[in-house]
Amino acid sequence: MKCVLLAAGTSGRILSISKGNPKPLIKIEKKTILRRNVDWLFSYKINNIFINLFFKPELIINEIKKVKKKIKFIFSLEKKLLGTAGAVKNIENKLGENFLVIYSDNLLYFDLKKFINFHKKKKSDLSIALYSPSVNFFSGLASSNILIDRNNKIISFKEKRNKNSKKNKYVNTGAYIINKKILKIIPKNNFYDFSSDLFPKLINKNFYGYVIEKNGYCLGIDTPDTYNKSLRIIKKNKLF
């Protein structure tokens with residue numbers, strides 16, 4: 001299965017940590033978030049990876065050149081930011097029937113094989129990997145509140161920061177499996193976001209949530225506070 005790593009965003013809220021560089025290049029325990037996600041994908045034999053670029057693209061490219069694993073990387077340079085879904089639409093002809101999308105500035109860990117099997121078993125058009133704030137390690141405020149029915153079909157998706165994150169049932173990890181038919185909904189050459197624009201249109205359709213395992217985690221590193229909290233979680237729980 002092919003994968004799109006979204007890496008075009010700027011580092012506006014975390015400049016003091018990123019030193020003006022793209023967020024995926026922030027180092028956690030001497031290795032960038034981007035490299036940790038590439039290693040995670042490769043451990044599940046994901047070796048065909050697309051990376052979209054916009055902000056300081058040469059730095060992302062230089063980091064990828066250091067990867068010694070047998071992975072085929074293809075870069076998609078955006079002249080203007082297309083948003084998370086718009087970036088995928090931009091390369092739709094290069095993707096397969098089903099493909100992964102991963103937000104490269106989130107430090108993620110869960111069983112990708114189980115996620116892929118779940119998507120296939122449900123014959124899902126789009127599957128989101130979800131975490132539970134009451135079960136999984138995460139940093140910062142949970143930025144979505146998602147409800148699923150007994151068959152894991154998503155029946156409610158609300159995307160906004162929530163000060164009461166512990167009360168959230170399930171939260172978006174920023175990892176998706178998408179069937180190419182969904183891309184027909186996304187306009188071409190326009191800014192279009194998965195959470196704000198696409199997902200609300202999929203409610204009560206063939207749209208499923210996979211709940212990650214107890215040992216899985218989602219460490220979103222968006223601000224100095226979430227960066228420092230992630231470091232504490234990693235050290236305390238010896239995540240790697």
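## Salt bridges and a sheet: worked exercises

In this predicted model, Lys69 and Asp39 form a salt bridge, with their closest N and O atoms 3.0 Å apart.

**Exercise 1.** Work out which parts of the chain the Lys69–Asp39 pair ties together, and classify Lys69 and Asp39 by burial.

*Solution.*
- Start with location: Lys69 sits in the loop between α3 (57–64) and β5, while Asp39 belongs to helix α2 (residues 33–43), so the bridge ties together parts 30 residues apart in sequence.
- Now burial. The cut-off for buried is under 20% relative accessible area, and over 50% is exposed.
- Asp39 has 19% relative accessibility, so it counts as buried.
- Lys69 has 34%, so it counts as partly exposed.

**Exercise 2.** Do the same for the salt bridge between Glu97 and Lys180.

*Solution.*
- The side chains meet at 3.6 Å, N to O, and the cut-off is 4 Å.
- Glu97 is in the loop between α4 (83–89) and β6, and Lys180 is in the loop between β12 and α6; the two are 83 residues apart.
- Glu97 comes out at 43% relative accessibility, so call it partly exposed.
- Lys180, at 45%, counts as partly exposed too.

**Exercise 3.** Find out where Lys23 and Asp222 lie in the chain, and which network they join.

*Solution.*
- First the contact: their side chains form a salt bridge at 3.3 Å, N to O.
- Lys23 is in the loop between α1 (15–18) and β2 (27–28), whereas Asp222 is in the loop between β14 (217–220) and α7 (224–237), 199 residues apart.
- Both Lys23 and Asp222 are buried.
- Through shared partners, salt bridges join Lys23, Asp105 and Asp222 into one network.
- For the tally, the model has nine salt bridges.

**Exercise 4.** Lay out the seven-stranded sheet, pick out its edge strands and say what helix α6 touches.

*Solution.*
- Write down the order: β5-β4-β1-β6-β12-β8-β13, an open sheet with mixed pairing.
- Look at the ends: β5 (72–77) and β13 (207–211) each have a single partner strand, so one side of each has no neighbour in the sheet.
- Ignoring direction, neighbouring strands are turned by 25° against each other on average.
- Zoom in on one pair: β8 (residues 126–131) runs parallel to β13, with five bridges between them. One detail there is that Leu130 has Val211 in β13 as its bridge partner.
- Finally, add helix α6 (residues 194–202), which packs on the sheet and touches β6 (98–103), β8, β12 (171–179) and β13. The direction of α6 makes about 65° with that of β12.

Definitions and conventions: Residues are numbered from 1 along each chain as its sequence is written. This is a predicted model: local features need pLDDT of at least 70, side-chain atom pairs count only at pLDDT 80 or more; totals for chains, interfaces and linings use all residues. Side-chain values use heavy atoms; hydrogens and water are left out. Two strands pair if DSSP finds at least two bridges between them. Helices (H or I, at least four residues) and strands (E, at least two) are DSSP runs, numbered from the N terminus. Axes are lines fitted to C-alpha atoms, for helices over the stretch in contact, and angles run from 0 to 180 degrees between N-to-C directions. Contact means heavy atoms within 4.5 Å. Buried means under 20% relative accessible area, exposed over 50%, partly exposed in between (1.4 Å probe, protein chains only).
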